Structure formats: C-alpha cells, structure tokens
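Please look first at the sequence and the model shown here, and keep both at hand while reading the report that follows.

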Amino acid sequence: MEICELTLYKNLNHELETIINTCFDEIFVTDGIGTVLKVNPAGEAFYGMKAAEIVGKNTEELASKGLFSPSLFPIVKERKERVSMIQRTRTGQTIHCIGNPSLDTEGNIEFIVFTSRDLTEIRQLRNKIERTEHLLESFQEELEELRRFHNRDEEDFISFSPDMRKIVKMADKIAKVDSTVLVTGKSGVGKGVIVSHIHKKSKRRKQPFIHINCGAIPEPLIESELFGYEPGAFTGAKKEGKKGLFEAANGGTLFLDEIGEMPLNLQVKLLKALQENEIQRIGGTRPIPVDTRIIAATNKDLETMVENGTFREDLFYRLNVIPIYIPPLNTRPEDISYLMDHFLEKFNKKYGTSAYLSLKAENKLINYSWPGNVRELENLMERLVVIADRDEIQLTDLPQKIVSSPNGQKQYTIQINEICTLKQAHEELEEQLIIKAYKKYRSSYKVGKALGINQSTAYRKIQKYIKDQ
C-alpha cells in the first residue's frame with residue numbers, strides 16, 4: 001500500500017510539473033518571506049535567466065538587480081489578498097502580473113503564486129482577436145454586415161470585460177428587433193454609445209438617428225421639440241409650422257436621453273405615441289402616423305420615481321420592455337487599459353501627437369476608482385495629450401487627486417451622486433458588496449462568511465443581484 005501511494009504521489013507530481021512547465025503564462029512561486037520556490041520556462045524567457053539562477057533568491061534582491069520592476073511581493077505581503085500590477089522585465093518586456101497569496105489557518109502567508117502574461121504581445125493581438133470574434137459571430141449574416149464591421153467608426157463600444165461583452169452581445173441581438181429599450185447606469189458609463197451601437201447594427205441604420213436630452217431643454221419647449229406644431233399654434237411659432245423629432249426620426253431611431261427629467265404632463269402624450277405609433281402636433285387636429293423606434297436612457301432610479309409619483313408607472317413598463325444596465329467603470333477594471341489605449345490613439349490622431357503613458361502613470365490610472373466613469377477617462381486622456389510637454393506622459397502629469405490616491409486595487413469608498421432615501425442607499429451598497437464578494441469568491445458560502453451573513457441569505461442575494469451566475 002505504501003509503495004502504491006508513493007507511486008501515485010510521483011505520478012501526480014510529474015503531471016503537475018509537466019502542466020506548470022508547458023503553461024504559456026509565467027508561473028513564479030515564492031514562500032511567505034519572498035524566497036523563490038519555482039519558475040517555469042515562460043518566466044525564464046521573461047527574465048533572460050535559467051530557473052536555477054532564480055530559485056532560492058529573494059524577490060527583493062532580484063528586483064534590486066532589475067529583473068523586474070516594480071516588485072509586487074511587498075504589496076501582496078502587506079494586503080494578504082490578490083493584487084495585480086504592470087511590470088517591466090530586464091529583457092524589456094511589459095507584463096501583467098497577478099499575485100495570489102495562500103494563507104494558513106492563522107492568516108499567515110504560506111506561499112504566493114505569481115502569474116504573468118506578456119502584455120506587449122496581447123496589445124499587438126487584441127484588435128485582431130476582437131475582429132476575429134466579431135467575424136465568427138456574424139459570419140452567416142449578409143455581406144453588408146461584414147462591410148459595416150470593417151468600416152466601424154471610433155465610437156464603437158470598448159468591451160473586454162465579461163460583463164461588457166455580455167451587454168454588447170445582447171445589444172447586437174436587440175438591434176435585430178424593434179422593441180423599446182431602456183438603458184440605465186451612472187453618468188458617464190457610456191449609455192449613449194451603446195444606444196448608437198444598437199442603431200448602427202439595426203435594419204434602421206440608414207435612417208435618421210435623433211438624440212434629444214430631455215433634461216437639457218426647457219420644459220415649455222420639450223413638447224414642441226418632440227411633437228412639432230401647426231402654423232400659428234402659439235405666439236412666436238413659425239408660420240409654416242414645424243416637424244417634431246418623432247417625425248424627423250420616422251423610419252429610424254429616437255433616443256430619449258435623461259428620460260427621468262421628462263415632465264409628468266408630457267409623459268401621457270409620450271405613452272400614447274408609443275402605444276398607437278402616431279403623434280399629434282401642438283395645435284393640430286389630425287393624428288400623424290410614425291414608424292420610430294424609441295430607446296430611452298437615464299441615470300435615475302425610475303422604479304423609485306414611480307413609487308414617489310414623479311414618473312408614470314404605465315410609461316415605465318412601456319419603456320422597460322428590454323432593460324440594459326451598464327455597470328460603472330470601477331467594477332470592470334479589465335476595460336480600463338484598453339479604453340486608455342483607445343482614447344490615446346483617438347486624440348493622438350486628432351492632434352497629430354504621439355503621446356503614450358509611462359509605466360508608473362499607467363499603473364496609477366488602472367488602479368484609480370474613476371467616479372466619473374468612461375467620460376472622466378476620455379476627458380483626462382484628451383487633457384494629457386494636449387498638455388504633456390513630452391511624448392511620454394509621466395506620473396507628475398496626472399491630476400493631484402489621482403496621484404495622491406492609494407496604490408493597488410480599487411478603493412473601497414461609497415459615493416453618493418444625488419440625494420436618495422436611506423433605503424435606496426442601503427440597497428445600492430448591498431448590491432455592490434454582493435457583486436464584489438461573488439466575483440472574488442464565486443461561492444455563496446464564502447460570500448456569506450466574508451460579509452458576516454449566513455449562506456442561505458448570501459445565496460438569495462446573489463440570485464437577486466447577479467445574473468447568469
């Protein structure tokens with residue numbers, strides 16, 4: 001029996017060694033004090049050294065010799081949690097390194113497993129991969145669809161995180177039908193971009209796409225803008241009358257942005273237009289048929305507004321046929337690096353520059369919480385490209401609030417963007433905690449343990465807040 005167990009152990013050890021050595025990514029293992037225990041061949045290629053020259057050395061000693069920079073070990077040791085960072089190796093490669101600590105029963109670090117991938121190669125290949133994936137998904141569609149894909153403009157949605165890829169996939173499916181869509185999410189997350197994406201992918205793409213911000217037009221003018229007016233309908237009206245946006249968007253798409261700002265008295269008229277597919281101009285007596293797809297967006301909680309009587313319940317359900325929620329940028333860190341590259345390329349092309357981020361500046365931006373979401377990121381990239389004194393954007397070029405923000409993963413802060421009830425605030429915080437904990441632990445038992453609730457409660461809340469788990 002002992003001989004069988006020894007043979008089994010040797011076989012398992014051989015299989016594990018084979019898996020590690022053939023892995024495409026670097027696997028770099030240390031003990032709790034930073035002594036290197038294992039480096040696979042991928043790591044040897046990163047550092048230009050044999051594993052035998054690295055194993056047994058301390059990570060800080062290796063970092064001081066320029067093997068990699070900056071060192072991730074001290075951060076993982078201090079935090080005792082998963083941490084990621086961009087590093088540069090002695091061979092000149094830029095890598096994305098993730099450190100995962102293994103803790104004993106007393107909470108001490110037994111060892112740390114670092115996995116790294118060549119970011120230089122990923123950046124070179126990512127556009128080809130994205131293009132190939134889209135081509136595979138649309139291979140059986142008409143030639144026109146493929147032509148539009150190859151000629152897509154710079155406003156297409158950047159979607160590399162799992163959540164955003166699901167949203168874009170859903171948007172592509174929604175685009176094939178004329179159902180009403182309600183897009184929700186915090187300010188600056190990209191609601192307008194996803195709406196534009198739906199229109200471009202739809203059969204209405206060659207027809208008008210009309211965008212109206214319901215919160216930017218004075219209340220007395222919204223009705224005439226949407227529905228138009230007949231000659232002499234009111235003082236100051238054009239003598240020939242005017243078409244409204246419903247008529248202007250006939251055959252195409254009407255995007256009602258900030259729909260939560262629409263006055264109650266106009267909500268009735270909008271509901272009638274949606275239900276009957278016809279409108280009536282101010283001062284008019286005859287209905288005008290319209291074939292207009294409606295997509296609405298808001299950063300407000302319309303369900304709460306319905307409860308408070310500030311938004312019509314029947315209109316809410318008429319708009320909310322297909323809901324799309326776009327999560328804030330700080331919950332999808334995978335997109336940040338790609339968005340930075342996208343906007344740098346966009347503004348370099350616009351201003352004839354060749355700016356790029358230094359390693360320290362890039363790390364700082366990746367770990368920033370981005371309260372203003374994608375809009376804040378885009379505006380900052382344009383600002384940095386315009387004001388930078390050199391091609392390489394340094395850490396000192398970043399705004400002070402970003403430079404002074406803590407290093408590492410996202411900050412655990414609570415932001416209140418507008419006045420809400422305590423119940424709403426509690427529910428919002430609960431949702432964020434459940435989503436964050438589930439993404440980290442992938443287990444209702446572990447989520448319950450981390451949040452101090454029992455497993456059945458954790459399971460119920462996961463079912464409530466997380467789709468397709």
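## Salt bridges and their surroundings

A search of the whole structure finds 18 salt bridges, a salt bridge being a side-chain nitrogen of Lys or Arg within 4 Å of a carboxyl oxygen of Asp or Glu. This is a predicted model, in which local features need pLDDT of at least 70 and side-chain atom pairs count only at pLDDT 80 or more, while totals for chains, interfaces and linings use all residues. Residues are numbered from 1 along each chain as its sequence is written, and side-chain values use heavy atoms, with hydrogens and water left out.

Three of the salt bridges, among them the one between Lys 203 and Asp 178, are set out below.

| Pair | Closest N to O |
|---|---|
| Lys 203 and Asp 178 | 3.8 Å |
| Lys 401 and Glu 376 | 3.4 Å |
| Arg 390 and Asp 397 | 3.3 Å |

Lys 203 forms its salt bridge with Asp 178. Lys 203 lies in the loop between helix H9 (191-201) and strand E8 (209-213), and Asp 178 in the loop between helix H8 (162-174) and strand E7 (181-184), so the pair ties together parts that are 25 residues apart in sequence. Helices (H or I, at least four residues) and strands (E, at least two) are DSSP runs, numbered from the N terminus. Lys 203 counts as exposed at 62% relative accessibility, whereas Asp 178 is partly exposed at 34%; here buried means under 20% relative accessible area, exposed over 50%, and partly exposed in between (1.4 Å probe, protein chains only). Both residues also belong to a network of salt bridges that links Asp 178, Lys 203, Arg 204 and Asp 291.

The side chains of Lys 401 and Glu 376 meet in another salt bridge. Lys 401 lies in helix H18 (residues 400-403) and Glu 376 in helix H17 (residues 373-387), so this pair, too, ties together parts that are 25 residues apart in sequence. Glu 376 is buried, with 15% relative accessibility. In the salt bridge of Arg 390 and Asp 397, Arg 390 is partly exposed at 39%, while Asp 397 counts as buried at 18%.

## A buried phenylalanine

Phe 343 is placed in helix H15 (residues 334-351) and, at 6% relative accessibility, counts as buried. Leaving aside residues up to four places away in sequence, Phe 343 touches Val 374, Leu 377, Glu 378 and Met 381, where contact means heavy atoms within 4.5 Å. In the protein chain as a whole, buried residues make up 43% of the 469 residues.
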